[in-house]
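The following exercises concern a predicted model. Please work through each task with the sequence and the coordinates at hand before reading its solution.

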Protein chains: 2
Amino acid sequence: MRTFWHCHIAVSLDGRIARPDGSFDWLEPYPAEEFGIEAFLAEVDAILMGRGTYDVVRGAADWPYAGKDVVVVTNRPLQEAPDRVTARGGDIAAIAAEMEARGYRRVWVEGGGQVIRQVLAIGKLDRLEMAVIPRVLGAGIPLFPQGTPETALRLVSCVPRAGGALHVIYDRA
Amino acid sequence: MRTFWHCHIAVSLDGRIARPDGSFDWLEPYPAEEFGIEAFLAEVDAILMGRGTYDVVRGAADWPYAGKDVVVVTNRPLQEAPDRVTARGGDIAAIAAEMEARGYRRVWVEGGGQVIRQVLAIGKLDRLEMAVIPRVLGAGIPLFPQGTPETALRLVSCVPRAGGALHVIYDRA
């Protein structure tokens with residue numbers, strides 16, 4: 001069975017996934033449960049994330065991904081990483097091949113933008129699921145940084161959620 | 001009656017309104033008629049646009065806005081401008097006040113990103129209506145350039161259109 005690479009992420013109306021300092025205060029009125037994150041996580045075997053995302057998540061009170069394999073794309077060692085978290089440097093294609101060889105059915109491409117860009121660039125991203133927040137930030141970390149390869153997607157569904165957010169799903173075209 | 005400032009624009013999934021050279025080839029499969037542009041234009045008294053947008057539209061075979069007042073935000077004179085097109089330099093607040101004094105009911109804030117940013121910054125943008133195209137460009141002119149003021153919006157409607165585009169309307173929150 002082929003690995004399904006699934007990005008599930010909240011994004012501002014101007015395509016930012018975090019403020020310049022990595023913070024998410026603007027997401028507080030829009031809980032991830034509204035966008036099916038619990039059912040989604042239950043289907044995920046492994047999580048792929050960049051070092052910036054890891055550092056922000058690791059800095060929170062509790063590690064939210066206990067019981068999941070987590071691969072952090074980084075060239076620097078992790079200090080006191082939680083169980084089942086591993087660091088991998090180098091080429092994203094090699095990292096992806098290694099994860100596929102482990103037989104994962106579904107990998108959450110959590111972020112940030114550079115990891116998503118690289119997964120797109122190697123043609124692996126199967127699904128892009130977004131909570132589109134009705135707020136322009138004006139600055140911050142882009143979901144699609146300059147240099148993301150041009151990519152056509154196929155709209156699967158779009159459902160309005162509380163507070164005027166949109167829950168949008170695109171698949172690879 | 002107060003002037004209603006209405007932006008109606010097509011945007012890629014990564015928030016680009018044109019390629020780096022200003023071109024729109026990626027919009028060809030998504031005709032503006034799908035997003036109600038004709039009925040919209042019929043309701044518009046005047047159009048506000050930046051110099052880059054003007055130069056692209058002016059370069060096309062026919063001037064599409066005959067019969068509409070058009071204000072181009074620019075500090076350089078226009079050459080052989082079509083009838084009813086005027087150039088205005090300087091402060092966007094002064095330009096907007098002048099247009100309001102003319103009694104326009106609805107102004108199309110056509111673009112580009114710098115004009116939309118400035119209209120947002122002076123708190124005038126009443127409606128943001130977008131054709132969201134299911135394609136990541138990876139480069140180009142952003143709808144919300146860095147430095148756009150943080151702005152909360154209110155979702156009015158979201159309707160899927162042909163080819164997986166989304167027709168989304170936000171109003172000022």
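**Exercise 1.** Locate A:Glu80 and state what is notable about its phi.

*Solution.* A:Glu80 is found in the loop between strand 4 and strand 5 of chain A, where helices (H or I, at least four residues) and strands (E, at least two) are DSSP runs, numbered from the N terminus. Its phi is positive, about 50°, although A:Glu80 is not a glycine. Most residues other than glycine have a negative phi, and most peptide bonds are trans. A:Glu80 is exposed, with 6 other C-beta atoms within 10 Å. A residue is buried if 20 or more other C-beta atoms lie within 10 Å of its own, exposed if 12 or fewer, and partly exposed in between, with C-beta atoms placed from the backbone. In chain B, B:Arg84 lies in the loop between strand 4 (69-73) and strand 5 (85-88); its phi is near 70°, and B:Arg84 is partly exposed, with 15 other C-beta atoms within 10 Å.

Residues are numbered from 1 along each chain as its sequence is written, while chains are lettered from A and ligands numbered from 1 in the order in which they are written. Local features need pLDDT of at least 70 and side-chain atom pairs count only at pLDDT 80 or more, whereas totals for chains, interfaces and linings use all residues.

**Exercise 2.** Identify the cis peptide bond that involves A:Gly112 and describe the helix after this loop.

*Solution.* The bond from A:Gly111 to A:Gly112 is cis, with omega near -5°. A:Gly112 is placed in the loop between strand 6 and helix 4 of chain A. In chain B, the bond from B:Gly111 to B:Gly112 is also cis, with omega near 0°. Helix 4 (residues 113-121) of chain A has seven of its nine residues buried, among them A:Val115, A:Ile116 and A:Val119. These three residues are also among the contacts of A:Val109; two residues are in contact if their C-beta atoms, placed from the backbone, lie within 7 Å. After helix 4 of chain A comes A:Gly123, with a positive phi near 75°.

**Exercise 3.** Trace the open sheet of nine strands and name its edges.

*Solution.* The order is 5(A)-4(A)-3(A)-6(A)-1(A)-7(A)-11(A)-10(A)-8(B), with mixed pairing; two strands pair if DSSP finds at least two bridges between them. The edges are strand 5 (85-88) of chain A and strand 8 of chain B, each pairing on one side only. Within the sheet, strand 1 (residues 4-12) and strand 6 (residues 106-111) of chain A run parallel, joined by three bridges, and A:Phe4 stands opposite A:Arg106. Strand 8 (residues 135-136) of chain A, for its part, pairs with strand 10 of chain B in the antiparallel sense over two bridges, with A:Arg135 opposite B:Ala152.

**Exercise 4.** How many residues of chain B are in contact with chain A, and which element gives the largest share?

*Solution.* Contacts link 25 residues of chain B with 25 residues of chain A. Strand 8 (135-136), strand 10 (151-160) and strand 11 (166-172) of chain B each give two or more residues to this side. The largest share, seven residues, comes from strand 10 of chain B.

**Exercise 5.** What radius of gyration does chain A have, and what part of chain A is buried?

*Solution.* Chain A has 15 Å, which agrees with the value near 16 Å for a compact globule of 173 residues; the radius is taken over C-alpha atoms, and the globule rule is 2.2 Å times the number of residues to the power 0.38. Of the 173 residues of chain A, 40% count as buried.

Conventions:
Lists of a residue's contacts leave out its neighbours within four places in sequence.
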